[in-house]
Amino acid sequence: MNAIAPSDPLANVSSRSRLHLSIFYGFLLPIVCLSLLAGVGIGSTHISWSTILRVAELKLLPQAWTSSVPVTKADEVIVWLIRVPRVIVAFFVGAGLAAAGVLLQALFRNPLAEPGLVGAGEGAVLGGVISFVTGWSATSVLSLPLMAMVGALLALFIVYAMSTRGGVTPVATLLLAGVATSALLSAVASLLLSVNIVNWQIAQEIVFWMMGGLDARTWTHVWLCAPFVVLGIVASLIQTRDLDLLQLGEETAASFGVDVESSKRMLTLTAAILTGAAVAVAGLIGFVGLLVPHAVRLILGPSNRTLLPASALTGGAFLVLCDLLARTIHPPTEIRLGIVTALCGGPLFIYLLLRQYRGVAN
Amino acid sequence: MSVLEARNAIVKRGGRTIFGPASVRIGAGEMTALIGPNGSGKSTLLRLFAGLWRPDGGEMLLDGNAIHSLARKEIARRVAFVPQEIQIDFAFTVGEILAMGRYAHRGQFSPQSQVDHAAINSAAAYCDITHLIDRAINTLSGGERQRVLIARSLVVEPEFILLDEPTANLDIHHALDVLQLCESLSHKGKTVIVATHDFNLVTRHVTRLILLQGGLLIAQGPQEEVLGPETIREVFQVEAEMVPMKTGHPVYVFHQRTRETHDFRASR
């Protein structure tokens, strides 16, 4: 039909996206570093940068290398036991939620899907509540993230089964199934909570956690969250080519050789691990999984091989900055982290929803 | 040359047989059209051939082996399926869409090889979409998008190409364009199966017609044998007049719906 040899069009594509990618990371990596530094350096108590540097030196370098300038115990506690773990937890929670958002958007073939929206978040909350009220969380710290993952997994299966028929997920059905399942799961969680209030202090802790936030995160929380998030992101990176094809529709994916059923199971499991790990240490924080992948997709395009790692890094930096905002905007009180992310994500969500409905109408 | 075959294939939904039993063989560089009214089972037969659905009775065979006993990737390398135009909410570029066609040929971690590269380039050139390679798929016109979907199936380098209503949303110019493309593929040795309800468009391009109604194969063969005015009246419930054309293939002019309908399933 067309015998003229083309100039290599693919070289063109890959070089174009590579250019995008290097510029993108050229901006993103300094932002990630700056956000982590700012998260540690800025807070309600003023601590000088030189003190922070001294604490880092004390903690990270061998004894022999450190200089002998003294650091007060209070400064050391604030920097090393309060701020650093909080910033690290924020980073991994943000990365996990953003990566989960990417996976769920491919699974539901819908840019609106997000852990909090498709029931995974509330499922994880319910799992966490169960591990609190049964006392498992007291016997093993690991039970909290594990139960949160199981809860997220169950919720995803329910919502998927409800909203998807023959590999097609209409927006309205997805949102309704997500809302209904979330409402049901959170009602069960509240019920469990109200019939099990033995210890007022524990109940308060649970409520606080259910509302979402990063107050009083410790190194334990870092170890409970970070390994699972890393595991989840590595598992997602293995599935990026399946994700691309699934985004075009299940039938298309199958016809190009994707084992759709097993691929969807893996995806759901990975999304549940990421959501569970994030919710276990920070409670339910909405809109990160919606906002971040969407923004990154606008810049880098929808190809999951580039979208996934970029979204995870951006999500981490985004949540660190949101948390910084939440604890410094109105001192000495902290604003709930969920308020900040909802203020950023809510308008975007409404915009996306309107655009999708306009797309359907056309 | 490979052969796709249905042997007494049956599809049931909710306990009811909606398709078959049907037996048919397709192979060796043919271009075949599956025709019939809406709901006649064209798409079902196409999905059975593509291994996307598994028959509830009987067998679907690729070179004598049950299709569902083959690995998903193996089927994908040999039988390409072009779906009816679908809404894609994500702005993949045409280049990215084409590259996805190499899924079954590449390992999960292997980078794109020279062979992948060459397959993508030649498919793009063949379907005349090289200039669209950087465009986002959701900014293309219907005709362009259909060419992209066909090009993606060529990227697979399959033996069979199955198309579901490829001309359904196209104007006459682009519809003929797409059918010409399909015909040229069959001349290149690919076996092409097109499911369509618009038989007036396809008859001059295909070597064989398979007529379906109510999930049953009514007739198969060349146009003269399959599509007489009586058959059209019974199957499509319209009166048809055959008008001879310069090309040698008659076209049909339709008028006036007949009252009584013929139920093939009941009369068996």
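Right after helix H13(A) comes Gly301(A), with a positive phi near 85°. This is a predicted model, where local features need pLDDT of at least 70, side-chain atom pairs count only at pLDDT 80 or more, and totals for chains, interfaces and linings use all residues. Residues are numbered from 1 along each chain as its sequence is written, and chains are lettered from A and ligands numbered from 1 in written order.

Helices here are DSSP runs of H or I with at least four residues, strands are E runs of at least two, and both are numbered from the N terminus. H13(A) has 13 residues, and its end C-alpha atoms sit 18 Å apart, in agreement with the 18 Å expected at 1.5 Å a residue (1.5 Å times one less than the residue count). Among its buried residues are Val288(A), His294(A) and Arg297(A); buried means 20 or more other C-beta atoms within 10 Å of the residue's own, with C-beta atoms placed from the backbone.

Now for chain B. Its open sheet of 4 strands runs S2-S1-S4-S5 with antiparallel pairing; strands pair if DSSP finds at least two bridges between them. S2 and S5 of chain B are at the edges with a single partner strand each, so one side of each has no neighbour in the sheet.

| Strand of chain B | Residues |
|---|---|
| S1 | 3–13 |
| S2 | 16–27 |
| S4 | 57–62 |
| S5 | 65–66 |

S4(B) and S5(B) pair over 2 bridges, and Leu62(B) stands opposite Asn65(B) in S5(B).

Note on methods. A residue is buried if 20 or more other C-beta atoms lie within 10 Å of its own, exposed if 12 or fewer, and partly exposed in between; C-beta atoms are placed from the backbone. Two residues are in contact if their C-beta atoms, placed from the backbone, lie within 7 Å. Axes are lines fitted to C-alpha atoms, for helices over the stretch in contact, and angles run from 0 to 180 degrees between N-to-C directions.
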